[in-house]
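Colleague: Could you take me through one part of this model up close? I would like to hear about the nonpolar core.

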Amino acid sequence: MERADPIVNAGGVSGHVHQIAGGNGFGFKMDYAQTQASSCSSCLIQKDMSNYWTPALYYKAENGKFESVKPAGGPTVYYQQRNGPNNDKLLAFPKDFRMLAGNANSRSLEQTASDTAPGAVSYVCLDYRGGSSESDGFPTKNCPDGLRAQIYFPSCWNGELDSPDHRSHMHYPIGHYDNGACPDTHPKHLISIFYEFTWQVDAFKDKWYGNTQPFVWAQGDPTGFGFHGDFVNGWDVDHLQKAVDTCTSNSGNIEDCHVFEKIPNSESNSCMIPPSVNEQIDGVLDALPGCNPVTNGPASATQQSGCGATTVIGQPETYFTDVTQTKQWEYVGCGIDSVGSRVLTPGYSASAKMTVETCIDYCSGKGYTYAGLEYSTQCYCGNSVAQQGLPLPGVLGNCKMKCGGDSGEYCGGGPGISLYKKCDGTCQNAQYGITGNTTSSSTTPSSISSPSANSKRSARRHLRAHLNRET
């Protein structure tokens, strides 16, 4: 999550928090070339370095405070071949194409229908025992198996890559939002995309109060009518066009499209971007990040400013401890570990008071040159890193668990392992910024000893249903 939106707020801090998925080329300002500079994607298909984002969801407590709601995994993005009654030729998204769907300021069903098309924004209250139900705005009951927010994008195009409002170059099909005919003003028919984001609202089932539901989108929308989505194309265009033309199975399974190659979830889960806006955006908050008072409508909301919220893009957060001067050890990245195949052996220690320094001291004292931390309290040692656990080049990794003995340090994750190495001459920590973004920097991780030769691994990703992880 981040207050970033390179479409609406290009080059600056966004007005509200977004949940973001896709390539790690995502930045506060970006073009197609930057998407292609991505070293990984949180999605599951090779050659798709696009970015997909929607607002984050919060719970508003009776005392006026807010609490972030956790997503149920990553979003699902469907690529659908809806060519309308005229059997139009469907086109892949071109380079530098971007678009919006929905309106963050909408607070009524009528406004949402006007800005999109009837049915393009909807919700499903998931209840696998009692029966799920669909609604146009936020449901007024608890959803035990999750709240699924859905948005369908327009697919009729006038040939322009963008427009001043980021919407006018696109149009919904006439007759039905997902399979009608394109109007003469927007005659080109693109592949259709449809987002599903699911949220774990059942965690708040005992915290409802009053006669209204308690959830709000990050822009201060308690109605649900302001749900919106953004898309920046990062596909290899020819690759996507081949899939559009040849992958005609109705199964929705990635494996049924021979054009695509899929990677394991463990690799896509490791693709993250460090935040660059210095503010708290999750946990319990006094106010929504940015200047976003809750507005009930039915009149459209207006963007607020001047509340003191930061507008500064800083240096990316680091998820390691710099011990190059104090210990002469360097951070080499976040690897992937597993119980059945440890990446560091044979040294091991565990402590509820574990810190990075404690682990390094233990491993160094035993004569090892590598130290690895995970699950906040565990320390592993060795003289080489197993091939399967090597940090992916340019990939931040999922090593964001606070250390048991120091909440200001990070000690791996699950299954991420924070890897440190005894310096061999000059020390150089691995740094991970936003790829290709001039507001931050990144450097190549140090070389790592492995029992076998290093191999580059690339992140990959679908047509029909893409399963994503948030970036």
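Modeller: Happy to; here is a walk through the core, with a short stop at a second one.

This is a predicted model, in which local features need pLDDT of at least 70, side-chain atom pairs count only at pLDDT 80 or more, and totals for chains, interfaces and linings use all residues. Residues are numbered from 1 along each chain as its sequence is written, and side-chain values use heavy atoms, with hydrogens and water left out.

A nonpolar core here is a set of buried Ala, Val, Leu, Ile, Met, Phe, Trp, Tyr and Cys residues joined through side-chain atoms within 4.5 Å; buried means under 20% relative accessible area, with a 1.4 Å probe and protein chains only. The largest such core has 53 residues, and L57, Y79, F93, Y195 and F231 have the most contacts inside it. Several elements each supply at least two of its residues, including strand 3 (57-60), strand 5 (76-80), strand 10 (147-152) and helix 3 (237-246). Strand 14 gives the most, with five residues. Helices (H or I, at least four residues) and strands (E, at least two) are DSSP runs numbered from the N terminus.

Now to L57 itself. Setting aside neighbours within four places in sequence, L57 is in contact with S68, V69, F138, L147, W199, V201, F215, V216 and W217, where contact means heavy atoms within 4.5 Å.

There is also a second, separate core of 25 residues, with F320, Y331, M354 and Y410 among them. As background, nonpolar side chains tend to be buried together in soluble globular proteins.

For contrast, Q280 counts as partly exposed because its relative accessibility is 48%, partly exposed being the range between under 20% (buried) and over 50% (exposed). Q280 sits in the loop between helix 4 (265-268) and strand 17 (284-285).
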